[in-house]
Amino acid sequence: MTTMANTGGPRSAPRRGRSKAVRRLVITLVVLLALLVAADFGAAAVFEHEVSKRAKAQFQLAENPSVKVGGFSFLAQVVSGEYDSVTVDAKGVPVQDTLRDVEVHADLRGVEAPLSDLVSGSLKQVPVREVEGQVRIKAADVNQALQNSQSSGALASITKLTVDPVAKELVNTAPTDGGETDLDSAETADDEGSTAGVRLCGTVEIAGLSTELCVFSIISLQPGLIHLDAQRLELRNTAGATRLPSAIERTILDLFSKDLPTGELPFKVTPTAVTVQPGVLTVKGEAQDVVLSGG
């Protein structure tokens with residue numbers, strides 16, 4: 001008598017059981033991951049708010065600045081009590097009565113904030129191992145400052161002011177053919193330091209022609225300000241390169257020589273360098289072992 005093996009339903013039950021267990025495990029892991037992500041974002045929001053309050057006090061701002069935490073896994077940083085990288089940004093910061101739209105940026109590294117102090121709300125001070133701060137002045141503020149510094153209205157007709165880097169050696173060196181400096185074929189930036197070359201260009205009407213006026217200057221870093229020292233002019237319109245009488249050129253250069261207040265760098269950073277990027281003048285500095293208090 002031949003016995004037939006039963007290969008039907010009873011053997012498939014364990015497989016179905018294992019499949020259900022795997023699905024439950026996957027669902028549990030997904031839920032845990034979602035909870036960890038939510039906790040990560042929640043903890044980040046609390047920490048960012050605490051840093052923002054202290055930055056607001058030290059910048060003397062009307063509103064809290066933007067704060068972002070970098071580095072992998074915020075929760076891991078929370079547990080350790082030290083945060084790898086934190087950025088602080090404030091826009092539209094006024095400086096004295098001269099500038100209205102200054103941007104303040106700070107990179108904080110090695111920020112210490114114990115979890116117990118964050119949870120209890122007893123965080124009083126936030127030590128920071130290293131800070132790199134910047135103050136950025138836009139072309140529109142440079143234009144407004146130049147116009148505010150003179151009473152004759154001579155600069156009021158200059159529009160579309162632009163700011164561009166230029167090598168310091170080109171500031172005092174006019175093209176040999178008397179034409180326009182070709183920035184595309186020349187070195188346009190210097191190494192970071194206490195001085196830098198800048199080209200300020202705007203549009204003005206001369207003898208009925210729309211003319212591009214460019215002033216080549218050296219900017220230098222001084223306590224609490226950037227000094228603009230205008231050195232030479234270039235004028236260009238549809239008629240080609242144009243020259244003004246030397247007395248008029250000297251008057252324009254004097255109008256473009258100006259002190260621009262920068263205020264203090266964030267978190268009491270000592271200014272060490274001034275740089276020029278398209279559209280922006282920037283003062284930079286670094287500091288170690290800074291403490292954020294207040295809030």
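**A first walk through this model**

1. Let's start with one pair of residues: Ala196 has Ile219 of strand 7 as its bridge partner. Please keep in mind as you read that this is a predicted model. That pair is a handy way into strand 6 (residues 195-206) and strand 7, which run antiparallel and are joined by 12 bridges.

2. Strand 7 covers residues 209-222, and 10 of its 14 residues are buried, so you will find it mostly covered. On to its pairing with strand 8 (residues 225-237): the two are antiparallel, with 11 bridges between them. One place to look is Ser217, which stands opposite Ala230 in strand 8.

3. What lies between strand 7 and strand 8? The two strands form a hairpin with two residues between them. In that turn, Gly224 has a positive phi of about 75°. While you are in this part of the chain, look at Arg232 too: its charged end sits over the ring of Phe216, 4.0 Å from the ring's centre. As for pairs of aromatic rings, the count comes to zero.

4. Now for an overview. The chain holds six helices and 12 strands. Of its 295 residues, 40% are buried. Its accessible surface comes to about 16,200 Å², and carbon and sulfur atoms account for 54% of that. If you take the contacts between residues at least 6 apart in sequence, 60% of them join residues at least 24 apart.

5. Next comes an open sheet of six strands, in the order 1-2-3-4-12-11, with antiparallel pairing. Why do strand 1 (66-70) and strand 11 (270-277) each have one side without a neighbour in the sheet? Both stand at the edges with a single partner strand each, so there is no strand on that side. On average, neighbouring strands of this sheet are turned by 20° against each other, direction ignored. A general point helps when viewing it: side chains in a regular strand alternate between the two faces of the sheet.

6. Begin at the strand 1 edge. Strand 1 is joined to strand 2 by five bridges, and the two run antiparallel. Here Val69 has Val86 in strand 2 as its bridge partner.

7. Strand 2 (residues 82-95) is also joined to strand 3 (residues 99-112), by 10 bridges and again in the antiparallel sense. Two pairings are easy to find: Ala90 stands opposite Val104 in strand 3, and Glu82 stands opposite Glu112 in strand 3. Strand 2 and strand 3 form a hairpin with three residues between them. Gln96, in the turn, has a positive phi of about 55°.

8. Which strands does helix 4 (residues 139-148) lie across? Helix 4 lies across strand 3, strand 4 (126-138) and strand 12 (280-292). It runs at about 60° to strand 4.

9. To finish, have a look at Val142, which is found in helix 4. Is Val142 buried or exposed? Its relative accessibility is 0%, so Val142 counts as buried. Leaving aside residues up to four places away in sequence, Val142 touches Ile137, Leu161, Leu200, Leu228, Leu260 and Leu281. Val142 and Gly279 are 137 residues apart in sequence, while their C-alpha atoms are 9.7 Å apart in space.

Note on methods
Residues numbered from 1 in each chain as written. Predicted model: local features only at pLDDT ≥ 70, side-chain atom pairs only at ≥ 80, totals over all residues. Heavy atoms only, no water. Phe/Tyr/Trp six-rings, centres within 6.5 Å; stacked < 30°, edge-to-face > 60°. Lys NZ or Arg CZ within 6 Å of the ring centre and 35° of its normal. Pairing = 2+ DSSP bridges. Helix = DSSP H or I, 4+ residues; strand = E, 2+ residues; numbered from the N terminus. Axes fitted to C-alpha atoms, helices over the stretch in contact; angles between N-to-C directions. Contact = heavy atoms within 4.5 Å. Buried < 20%, exposed > 50% of the residue type's maximum accessible area, 1.4 Å probe, protein only. Areas by Shrake-Rupley, 256 points an atom, 1.4 Å probe, with all protein chains shown as cover.
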